[in-house]
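Colleague: Could you take a close look at one part of this model for me, and then work outwards from there to its surroundings? I'd love a connected account rather than a list.

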Amino acid sequence: MADLSWLRSRKNRHACWLLIFKELHLSIGTDMKTKTLNFLRCIHPLTDSEYCDSELKQRDELTLICKRCGAEYSLRGGIPRLIHSNISENPYLKEEMIGAYYEMQFAPYILTGESQDRLSYPQSEIVTRSFEKNFYQSVTHLMGKQNLTEDFYQSLLELVRQEKLVTPNTTVLDIGCGLGRMTTEMARFDDVDYAIGLDSSAFMIEEATKLANSQQSQIPIKLNLVGGKTTSAKIGLDWTVDNCDFMVGDAQQLALQEGAFDLVLCLNVIDRVPNPTKVIEQIFRVLKSGGYLIITDPYDWENSPITREYWITDMAEFFSHNSKWQQVQEVDGIPFVMRSTSRQIVAYMNHCLIYRKITEETQS
Ligand SMILES: C[S@@+](CC[C@H](N)C(=O)[O-])C[C@H]1O[C@@H](n2cnc3c(N)ncnc32)[C@H](O)[C@@H]1O
Ligand SMILES: [Zn+2]
């Protein structure tokens, strides 16, 4: 007979109920957005180097099926999961990271303490082209701030506006979107038709979907203290978007239609994936001719599980070897700050670049 003695602990019983509740909740299928379905493509391998790439249809509330090869993909709570199960585990898939992610991506929307005050937030500074200037300015500024990462997102949004990367009917893909802050921000642009956020962590994507649909209600969350302890808070966006959606997927094999996006965001992801070059190739594939990529990274290779032969330590140099990409803008030294726990803050100086996909069509 199975040993159920572990259930005697109250904590274990609680965890067990939570798991059952979560599974039940997720197995209640929901139809997915038709618009998202049109972007999806089958990633079933046909040969070593080729995959099916055909359209999918919804078979039932819990299944998507390839129209050509019949491969099946799961749909949980309306969220498509188009990922091969062998994707390597990385620390970002752990649920304990979620508190740090909430603080990182949504600090201005978090309500804390008895009074449930919103954390006040100073306006972003204009980013400069000088790495040294950005470095010294930001270090001194950051020390006095509560919402540490907000400057980073505001700087990127400013670049999107400055470089006019959004034009009427723009479609956006946010790769490694985490909790989807930038996916929803992009969807808020009047000219953005649709934005899709993709992440390999199903847990992140479920939370991102909840947040984007929060419709001004407040969702209870936990923020990380130290030693695995947490504190309760609430979060609620003061905007709603209905032109964005999320999916579980692998940046190295995007289950998405070729040439479908005008703008791809790849923010703080490239040093997290086993094969960064594959991600750039996939981005090229899904971008429209003349479409834009905004890519930024802290190159934290030393703290990633990626083997040294794949490290890219200067993306500008990396892209310069490929005439299919034209550089549009380069800003070095944008601060990207994460508070991992109440006593640990990691501050990076990010390299940020914008590239345009060049094809024969754009040259003529
Ligand atoms: C540092 S976070 C960046 C989140 C967000 N882009 C931002 O800058 O606010 C890295 C994200 O990449 C995701 N990720 C890691 N490997 C991935 C992969 N192979 N495919 C898709 N997402 C991945 C992680 O789950 C995590 O959410
Ligand atoms: Zn197929």
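Modeller: Happy to! One term is needed at the start: a residue is called buried if 20 or more other C-beta atoms lie within 10 Å of its own, exposed if 12 or fewer, and partly exposed in between. Please also keep in mind that this is a predicted model.

Let's take strand β13, which spans residues 287-297. By that count eight of its eleven residues are buried, and the strand is mostly covered. For the chain as a whole, 37% of the 364 residues count as buried.

What are the partners of β13 within the sheet? On one side is β12, which runs parallel to β13 and is joined to it by six bridges. In this pairing, Cys266 has Ile295 of β13 as its bridge partner. On the other side is β15, again with six bridges, but here the two strands run antiparallel. Asp297 is paired there with His351 of β15.

The way the chain gets from β12 to β13 deserves a look too. Helix α8, residues 276-286, sits between them, and the three elements make a right-handed β-α-β unit. The buried residues of α8 are Pro276, Val279, Ile280, Gln282, Ile283, Phe284 and Val286. A helix has 3.6 residues a turn, so residues three or four places apart point the same way. You can look for that spacing in the list, for instance in Pro276, Val279, Ile283 and Val286. The cover over the buried residues of α8 includes β13 itself, together with β7, β12 and β15.

A second helix also meets β13. Helix α5, residues 150-162, lies across β13, β14 and β15 (344-357), and its direction makes about 165° with that of β14. Another helix, α7 (residues 202-212), packs on the sheet as well, where it touches β4 (79-82), β8 (192-199) and β11 (244-249), running at about 170° to β11.

Now let's step back to the sheet. It is open, with eleven strands in the order β1-β2-β3-β4-β11-β8-β7-β12-β13-β15-β14 and mixed pairing. The edges are taken by β1 (56-60) and β14 (325-341); each has a single partner strand, so one side of each has no neighbour in the sheet. On average, neighbouring strands are turned by 25° against each other, direction ignored. Moving from β13 past β12 brings you to β7 (170-175), which pairs with β12 (261-267) in the parallel sense over four bridges. In that pair, Leu173 faces Val264 of β12.

At the β1 edge, β1 and β2 form a hairpin with two residues between them. Their antiparallel pairing has four bridges, and Lys57 stands opposite Ile65 of β2. Glu61 lies in the loop that links these two strands. It counts as partly exposed because it has 15 C-beta neighbours inside 10 Å. Its C-alpha atom is 5.9 Å from that of Asp31, although the two residues are 30 apart along the chain. Pairs this far apart in sequence matter to the overall contact count: among contacts with a separation of 6 or more, 68% are between residues 24 or more positions apart.

Two loop residues are worth checking for backbone geometry. Most residues other than glycine have a negative phi. Tyr299, in the loop between β13 and α9 (315-320), has a positive phi of about 50°. This residue is partly exposed, because its C-beta neighbours inside 10 Å number 17. Asn169 has a positive phi too, of about 70°, and is found in the loop between α5 and β7. Asn169 is exposed, since 10 other C-beta atoms lie within 10 Å.

Finally, the ligand. Which residues come closest to ligand 1? They are Gly176, Gly178, Ser200, Ala251 and Leu267, out of 19 that surround it. Leu267 also belongs to β12, the parallel partner of β13, which takes us back to where we began. The shell around ligand 1 is made up of seven nonpolar, eight polar and four charged residues.

Terms used
Residues are numbered from 1 along each chain as its sequence is written. Chains are lettered from A and ligands numbered from 1 in the order in which they are written. This is a predicted model: local features need pLDDT of at least 70, side-chain atom pairs count only at pLDDT 80 or more; totals for chains, interfaces and linings use all residues. A residue is near a molecule or strand if its C-beta atom, placed from the backbone, lies within 6 Å of it. Ala, Val, Leu, Ile, Met, Phe, Trp, Tyr, Cys and Pro count as nonpolar, Asp, Glu, Lys and Arg as charged, and the others, Gly among them, as polar. Two strands pair if DSSP finds at least two bridges between them. Axes are lines fitted to C-alpha atoms, for helices over the stretch in contact, and angles run from 0 to 180 degrees between N-to-C directions. Two residues are in contact if their C-beta atoms, placed from the backbone, lie within 7 Å. A crossover is right-handed if, with the strands pointing away from the viewer, the path from the first strand over the helix to the second runs clockwise.
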